[in-house]
Structures are given as structure tokens and as C-alpha cells.
Amino acid sequence: MGSFTDDPFSRERPSANRTVSRRLWGNGTRWELEWGSYPFEEDLVSALTDPLAGLTGAKPVKVRSGWDIRLDDALLALRPQR
């Protein structure tokens, strides 16, 4: 997955005007992560839901504004800044 500062595969972002802001907020079982730099959203989704290394039972759901990662009654909304 790399990190939140750079991509280990040197892939370019679709837009050079990405911000480096990050925000995580929520309460109880509902949280939202918003970010405008690395990692790529598909990498983060894959890392969180991988059958061997991810969260056991976590399911990704593609939504218009990003991805929802669901685990039982918990929700982590991944919202990359576009």
C-alpha cells in the first residue's frame, strides 16, 4: 500500500492539484476518512479488506463519493478528495 506520503510504485495522481490534507472523524461505529494525497483509494480498500491481511469480514461497497468499508454494524467511509 505504501504510505500516506508517497507511492512505492511511483504512479502519478490523476490531478497534480491534490491537497495533502487528511481528516478522520466519527463516533462509535461510524467513521469517515477524507484525504487528498496518497494512498490511492483502491490500495487502501484492498489493504483493509484483503482476505489474509485485512480485517476479517470487512466488505467494500463502492459508493458515488468513494468506498464504504462495512464490518458487522460498523462503517468506515473512505472519501478521497477529487
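**Salt bridges in this predicted model**

Me: Glu 41 and Lys 62 meet through their side chains, so what is this contact, and what is its N to O distance?
Reply: This is a predicted model, so we're talking about modelled positions. A salt bridge needs a Lys or Arg side-chain nitrogen within 4 Å of an Asp or Glu carboxyl oxygen. The side chains of Glu 41 and Lys 62 make a salt bridge, with N to O at 3.8 Å.

Me: How many residues apart in sequence are the parts that this pair ties together?
Reply: Glu 41 sits in helix α1 (residues 41–49), while Lys 62 belongs to strand β3 (residues 59–63). The pair therefore links parts whose separation in sequence is 21 residues.

Me: Is Glu 41 buried or exposed?
Reply: Buried means under 20% relative accessible area. Glu 41 comes in at 10%, so the call is buried.

Me: What about Lys 62, which class does that one get?
Reply: Partly exposed covers the range between under 20% and over 50%. Lys 62 has 48% relative accessibility, so the label is partly exposed.

Me: Which strands does the salt bridge between Asp 68 and Arg 79 tie together?
Reply: Their side chains meet at 2.7 Å, N to O. Asp 68 lies in strand β4 (residues 66–71) and Arg 79 in strand β5 (residues 74–80), so the pair ties together β4 and β5.

Me: Which residues do salt bridges with shared partners join into one network?
Reply: Asp 68 pairs with Arg 79 at 2.7 Å, N to O. Asp 68 also forms a salt bridge with Arg 70, with the closest N and O atoms 3.7 Å apart. With partners shared, the network is Asp 68, Arg 70 and Arg 79.

Definitions and conventions
Residues numbered from 1 in each chain as written. Predicted model: local features only at pLDDT ≥ 70, side-chain atom pairs only at ≥ 80, totals over all residues. Heavy atoms only, no water. Helix = DSSP H or I, 4+ residues; strand = E, 2+ residues; numbered from the N terminus. Buried < 20%, exposed > 50% of the residue type's maximum accessible area, 1.4 Å probe, protein only.
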